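Here's a quick walk through one model, sheet to salt bridges. Have a look at it first, and then we'll go through some of its local details.

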Amino acid sequence: MSTLYIEPFSGLSGDMILSALCSLADAGEEVIQLPGKLHLPDGKVELTSVNVNGIVCNHVKIIDLNAEKHSSASSLLQHSHHHHHAHRHLKDILEIIDKGHITDGAKTIAKAIFTLIGESEARVHNIPLEKIHFHEVSAVDSILDIVGCAVMLDKLAVTQTYCDAVCTGFGMVKTQHGILPVPAPATADLLRGMPVYKGDEEGEKVTPTGAAILCYLKPDFKPQIFSVEKIAYGPGQKRFRNPNVVRISILEESTSKKKQEHRFQVVK
């Protein structure tokens, strides 16, 4: 079982989280095989090493083989060049997950994350959940991002998550719905109740997928004292002045036990 600590000082996206979790789980080969396990022949996964402001880290790049142009920018809302893009409903995506050759635990996590996105879209557009037509998050790359994260979370057996306040960025972003404010409405809805701040650089730093994964994890934002066991960085493909990475750590198993022992220690 693992406890995570997420530092979203440059926001969050599906590929950023997946890249960090993949490194923490040492599961590169497993992620590469994911398109076949989900029966998605139009998807391909590549692992590359990138240098972001001097931070060398692995990036899980997911390629939509049916796209005229593929841009794996950290913002899912800027993917606007998909060829033969299938706008799937929630039930279609849940069926892909159910038929996949992944663990039951990973299926449960992936379906929960997609349901969170669907419920958010339904609230934003005032449309019944079953009628929500997914756009960017129904693309092959987005499905593999979310299911990949679910597989990694299940593999790491994550039971608890701590997180710092989330940097969202600011400004406007172009989407299939038109020009929208940052964070986009669905993203803002998913981040409700979480501590956020705009930061000092314009641009979209949190995507609906990143927000939904964080929402699923139900992180604790209260300051904690803990020891770190392992650290990984997940890069986004946008370039900002500040390093566009998320840092995710696995905390030492003894940390929570020590806190409990200290809490009940009798002072003589």
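Y5 sits opposite Y162, which belongs to β4. The strand on the other side of that pairing is β1 (residues 2-7), joined to β4 by 5 bridges, with the two running parallel. Strands count as paired here if DSSP finds at least two bridges between them. As for the labels, helices (H or I, at least four residues) and strands (E, at least two) are DSSP runs, numbered from the N terminus.

Before going further, a word on what you're looking at: this is a predicted model, in which local features need pLDDT of at least 70, side-chain atom pairs count only at pLDDT 80 or more, and totals for chains, interfaces and linings use all residues. Residues are numbered from 1 along each chain as its sequence is written, and side-chain values use heavy atoms, leaving out hydrogens and water.

Back to the strands. The β1/β4 pair is part of an open sheet of 4 strands, in the order β4-β1-β12-β11 and with mixed pairing. β4 (158-163) and β11 (228-235) are the edge strands: each has a single partner strand, so one side of each goes without a neighbour in the sheet. On average, neighbouring strands in this sheet are turned by 25° against each other, direction ignored.

What lies across β1, β11 and β12? That's helix α1 (residues 14-25), which runs at about 140° to β11. Axes are lines fitted to C-alpha atoms, for helices over the stretch in contact (heavy atoms within 4.5 Å), and angles run from 0 to 180 degrees between N-to-C directions. α1 has 12 residues and reaches 16 Å from its first C-alpha to its last, close to the 16 Å expected at 1.5 Å a residue; that expected span is 1.5 Å times one less than the number of residues.

Is α1 mostly covered or mostly open? It's mostly covered, with 12 of its 12 residues buried, where buried means under 20% relative accessible area, exposed over 50% and partly exposed in between (1.4 Å probe, protein chains only). Among the buried residues are D15, S19 and S23. Just after α1, D26 takes a positive phi of about 50°.

Now the charged pairs. A salt bridge here is a side-chain nitrogen of Lys or Arg within 4 Å of a carboxyl oxygen of Asp or Glu, and by that rule the count comes to 11. Here are some of them:

| Pair | Closest N to O distance |
|---|---|
| D92 and K91 | 3.4 Å |
| D98 and K111 | 2.9 Å |
| D189 and R192 | 3.1 Å |

D98 is in helix α4 (residues 90-99) and K111 in helix α5 (residues 104-125), so this pair ties together parts 13 residues apart in sequence. D98 is partly exposed at 39% relative accessibility, and K111 is partly exposed too, at 25%. In the D92 pair, D92 is partly exposed at 24%, while K91 is exposed at 60%. As for D189, it's buried at 12%, whereas R192 is exposed at 55%. R123, D189 and R192 are linked in a network of salt bridges.

Finally, the loop between α4 and α5 is home to I102, which is buried with a relative accessible area of 14%. Leaving aside neighbours within four places in sequence, I102 is in contact with L34, L38, K107, V147 and V151. I102 and K37 are 65 residues apart in sequence, yet 6.9 Å apart in space, C-alpha to C-alpha.
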